[in-house]
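Subject: Structure handover

Hello,

Here is the structure you asked for. Please open it next to this message and follow along.

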Amino acid sequence: MRLSKYFLPVLKETPADATIASHRYMLRAGMIKQNSAGIYTWLPLGHRVLKKIEQIVREEQDKAGAIEMLMPTIQSADLWKETGRYDAYGPEMLRITDRHDREMLYGPTNEDMITDVFRSFVRSYKDLPKNLYHIQWKFRDETRPRFGVMRGREFMMKDAYSFDLTEEDAVKSYNKMFTAYLNTFARLGIKAVPMKADTGPIGGELSHEFVILAESGESEVFCHRDLVEMAPPGDVDFDGDLSHIFEERTALYAATEEMHDAEEFAKIPADKQLTARGIEVGHIFYFGDKYSKPMKATVMDSDGKPQPVMMGSYGIGVSRLVGGIIEACHDENGIVWPKSVAPFGVGIINLKANDEDCAAAASDFYEKCKAAGLDPLYDDSSDRGGVKFSRMDLIGLPYQIIIGPRGLKEGIVEVKDRATGERQNLSPDAAMTLLTEAFA
Ligand code: 5CA
């Protein structure tokens, strides 16, 4: 993409109401625009990151055997009345009346609707297990929408729902998602720690939050230090036994504020006790027949008896992750994207746009990057060098290639690694090799 043809409305001033780094940088880097409290337009740069995160989440769900579908954002109140959640959910639910005076709502989550889909089609235990998911916008009329996309009112969630005949099988489904989440967050370039969590309005007994440790986190969390550094499971057989992955981690203490147990925490050696602030980027639940029972979502067991299906649900805050990743990956100059989610792979800066040789060299490098699939953003604007440098640092692409008249005379371009700040003078060919290897 040539910057002159792109839409990147970068702000010079720091917006006054943005108190945390991710919110400030997302506004300044032209990633989002607020439309009303907690509701945002995703501008092209932000949209690219959102889509990259979405795709990684999708690939890891698919690997774990979950099946993608799409449910609507607007739901009928009837289903929610069946489960008793219509009244229970309270003012966080945006209630809408259509022209026929039918009660509708903008879905804050989809347990009720997916249970209805399930009961409409599935009759036998032989069709189990099943895990269905979608990636869809949600609405929650939060009391305090804040921190930009981190606590929005309209936000994008991946929500998966598992169905099993027995509790034992449902726990296996839970472990699959637990494992898939560890791999997902590692691929996104962040450390998200699974912690024992409260279940709130979703319900159930067994629940874990996946939490990024960051000073700007909304709540306090407590865990064993070793848990933070544990390697992700990587390639595993999702049809095999995954209980060891779950057990290895849950053997170490980790709890959110609500579930914190000071006595248990005190048993950890003092140098391994970690108290921090956390951002919840995922939350998984097992709630048995909480929805299937009132909604009569049953399957025939092997004796021909109807049994309510045992369910779990598994959420990832896809839009929250954009902010969450920035909280974990930034410096005083701007965002430092992990390679896997960067909106563009490399930024090319032409220091002298009106110099024919520079323009030709930069154009040539840009075309080569495109051909190599490096997804380059080429700053071909006539802005001053300083403006170009600070803009490129702000938007945080993993690599910058700086092309200027002095270097060109010696046949070199400058390569800057955004994360380390390291600069190297290389021939254009050597710079290409460095880039292709970095993204291999
Ligand atoms: N149905 C279940 C799991 S599928 C559910 O709704 N879980 S949840 O309430 O914990 O939400 C799942 C994830 O959505 C959270 O972990 C969080 O990352 C994200 N999320 C929740 N509320 C918001 C919000 N107001 N703004 C942005 N992301 C949010």
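Below are notes on one strand, the aromatic rings and the cavity.

This is a predicted model, where local features need pLDDT of at least 70, side-chain atom pairs count only at pLDDT 80 or more, and totals for chains, interfaces and linings use all residues. Residues are numbered from 1 along each chain as its sequence is written, and side-chain values use heavy atoms, with hydrogens and water left out.

Start with strand β13, residues 273-288 (strands are DSSP runs of E, at least two residues; helices are runs of H or I, at least four; both are numbered from the N terminus). In β13, 12 of the 16 residues are buried (under 20% relative accessible area, 1.4 Å probe, protein chains only), so the strand is largely enclosed by the rest of the structure. Strands pair if DSSP finds at least two bridges between them. β13 runs antiparallel to β10 (residues 206-213), with eight bridges. Here F210 stands opposite G282. β11 (residues 219-224) also pairs antiparallel with β13, over six bridges. S219 has G278 as its bridge partner there. Six bridges join β13 to β16 (residues 310-317), again antiparallel. In β16, I316 is the bridge partner of G282.

Now the rings. The whole structure has 16 aromatic pairs (Phe, Tyr or Trp rings, the six-membered one for Trp, with centres within 6.5 Å; planes under 30 degrees apart are stacked, over 60 edge-to-face, the rest tilted). F287 and Y291 are edge-to-face, 4.9 Å centre to centre with 75 degrees between the planes. F287 is buried at 6% relative accessible area. Y291 is buried at 0%. Y366 and Y378 form a tilted pair, with centres 5.4 Å apart and planes at 40 degrees. Y366 lies in helix α11 (residues 356-371) and Y378 in strand β20 (residues 376-379), so this pair ties together parts 12 residues apart in sequence. Both Y366 and Y378 are buried. Ring pairs also link a cluster: Y174, F178, Y181, F185, F210, F246 and Y314.

Last, the cavity. The structure holds one cavity of 30 Å³ or more (a set of points on a 1 Å grid over the protein atoms alone where a 1.4 Å probe fits but cannot get out). The largest cavity has about 60 Å³ of space (points joined across faces, edges and corners; volume is the space filled by probe spheres set on them). Its lining residues (an atom within 4 Å of a point) are Y40, W42, W137, V149, G152, E154, F155 and S319.

Best wishes

Technical notes
Buried < 20%, exposed > 50% of the residue type's maximum accessible area, 1.4 Å probe, protein only. 1 Å grid on protein atoms, 1.4 Å probe; cavity = no way out; pocket = protein on both sides within 12 Å on 5 of 7 lines; lining within 4 Å.
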